[in-house]
Amino acid sequence: MLGRLLLWARRHSREAVALALAPGLVALAFDAAISHWAGKDFDNRLQAVPVVYGVVGFVLMTLVCIPSSRTLFAWTARLVGGAGVVIGLVGTVVHLQEEQGQRRAG
């Protein structure tokens with residue numbers, strides 16, 4: 001059983017890495033949900049963006065491993081990765097601006 005799994009992973013290394021890393025997107029969504037909403041009001045809808053990204057990214061990266069199209073896999077992986085970079089950078093800027101605003105007010 002393990003030999004067959006390792007053989008598949010050797011032949012489909014990109015898909016194997018995607019399937020190994022995809023659960024990390026769910027963990028990202030869970031972490032963002034806790035940090036944005038635990039004990040707080042849902043006052044800013046932009047806080048849902050990393051949560052939705054994590055879930056959608058997980059679904060896309062899992063589903064794209066089923067067909068044997070390398071082109072579809074490559075473009076989906078680029079799309080999910082690029083969206084993650086953009087969402088992360090925008091989130092960092094938003095959080096830094098909020099922190100600077102709190103320092104000036106307090």
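This report describes the helices, selected residues and two pockets of a predicted model.

Residues are numbered from 1 along each chain as its sequence is written, and side-chain values use heavy atoms, with hydrogens and water left out. Because the model is predicted, local features need pLDDT of at least 70 and side-chain atom pairs count only at pLDDT 80 or more, while totals for chains, interfaces and linings use all residues.

**Helices α3 and α4**

Helices here are DSSP runs of H or I with at least four residues, and strands are runs of E with at least two, numbered from the N terminus. The expected span of a helix is 1.5 Å times one less than its number of residues. For α3, with 15 residues, the expected span is 21 Å, and the end C-alpha atoms are 21 Å apart, which agrees. For α4, with 36 residues, the expected span is 52 Å, and here too the end C-alpha atoms agree, at 52 Å apart.

Burial is judged by relative accessible area: under 20% is buried, over 50% is exposed, and values in between are partly exposed (1.4 Å probe, protein chains only). The buried residues of α3 are Pro 50, Val 51, Tyr 53, Gly 54, Gly 57 and Met 61. They lie on the same side of α3 because they cover an arc of only 165° around the axis, the arc being that of the directions from the helix axis to the C-beta atoms. An α-helix has 3.6 residues a turn, so residues three or four places apart point the same way. What covers the buried residues of α3 includes α2 and α4, contact meaning heavy atoms within 4.5 Å.

In α4, Phe 73, Thr 76 and Val 80 are buried. The buried residues of α4 pack against α2 and α3.

**Selected residues**

The table gives the burial state of five residues.

| Residue | Location | Relative accessible area | State |
|---|---|---|---|
| Gly 54 | helix α3 | 0% | buried |
| Thr 76 | helix α4 | 11% | buried |
| Gln 47 | loop between α2 and α3 | 18% | buried |
| Thr 62 | helix α3 | 27% | partly exposed |
| Gly 24 | helix α2 | 40% | partly exposed |

The contacts that follow leave aside neighbours within four places in sequence. Gly 54 touches Leu 25, Val 26 and Ala 29. The C-alpha atoms of Gly 54 and Glu 98 are 23 Å apart in space, and the two residues are 44 residues apart in sequence. Thr 62, also in α3, touches Leu 19 and Ala 22. From Thr 62 to Arg 104 the distance is 45 Å, C-alpha to C-alpha, with their positions 42 residues apart in sequence.

Thr 76 of α4 is in contact with Leu 60, Met 61 and Val 64. In the loop between α2 and α3, Gln 47 is in contact with His 36, Trp 37, Asp 41 and Phe 42. Gly 24 and Gly 57 are 33 residues apart along the chain, and their C-alpha atoms are separated by 9.8 Å.

**Pockets**

Rolling a probe the size of a water molecule over the atoms shows where empty space is left. The search uses a 1 Å grid over the protein atoms alone: a cavity is a set of points where a 1.4 Å probe fits but cannot get out, a pocket is an open set with protein on both sides within 12 Å along at least five of seven lines, and lining residues have an atom within 4 Å of a point. Grid points are joined across faces, edges and corners, and a volume is the space filled by probe spheres set on the points.

The largest pocket has a volume of about 420 Å³. It is lined by 19 residues, and the closest to its centre are His 36, Leu 46, Pro 50, Gly 91 and His 95. At least two lining residues come from each of α2 (13-37), α3 (49-63) and α4 (70-105). The most, 10 residues, come from α4. By class, this lining has nine nonpolar, eight polar and two charged residues, where Ala, Val, Leu, Ile, Met, Phe, Trp, Tyr, Cys and Pro count as nonpolar, Asp, Glu, Lys and Arg as charged, and the others, Gly among them, as polar.

The second largest pocket has a volume of about 250 Å³. Its lining has 14 residues, and His 12, Glu 15, Cys 65, Pro 67 and Ser 68 lie nearest its centre. Two or more residues of this lining come from each of α1 (2-11), α2 and α4. With four residues, α2 gives the most to the lining of the second largest pocket. By class, that lining has six nonpolar, four polar and four charged residues.
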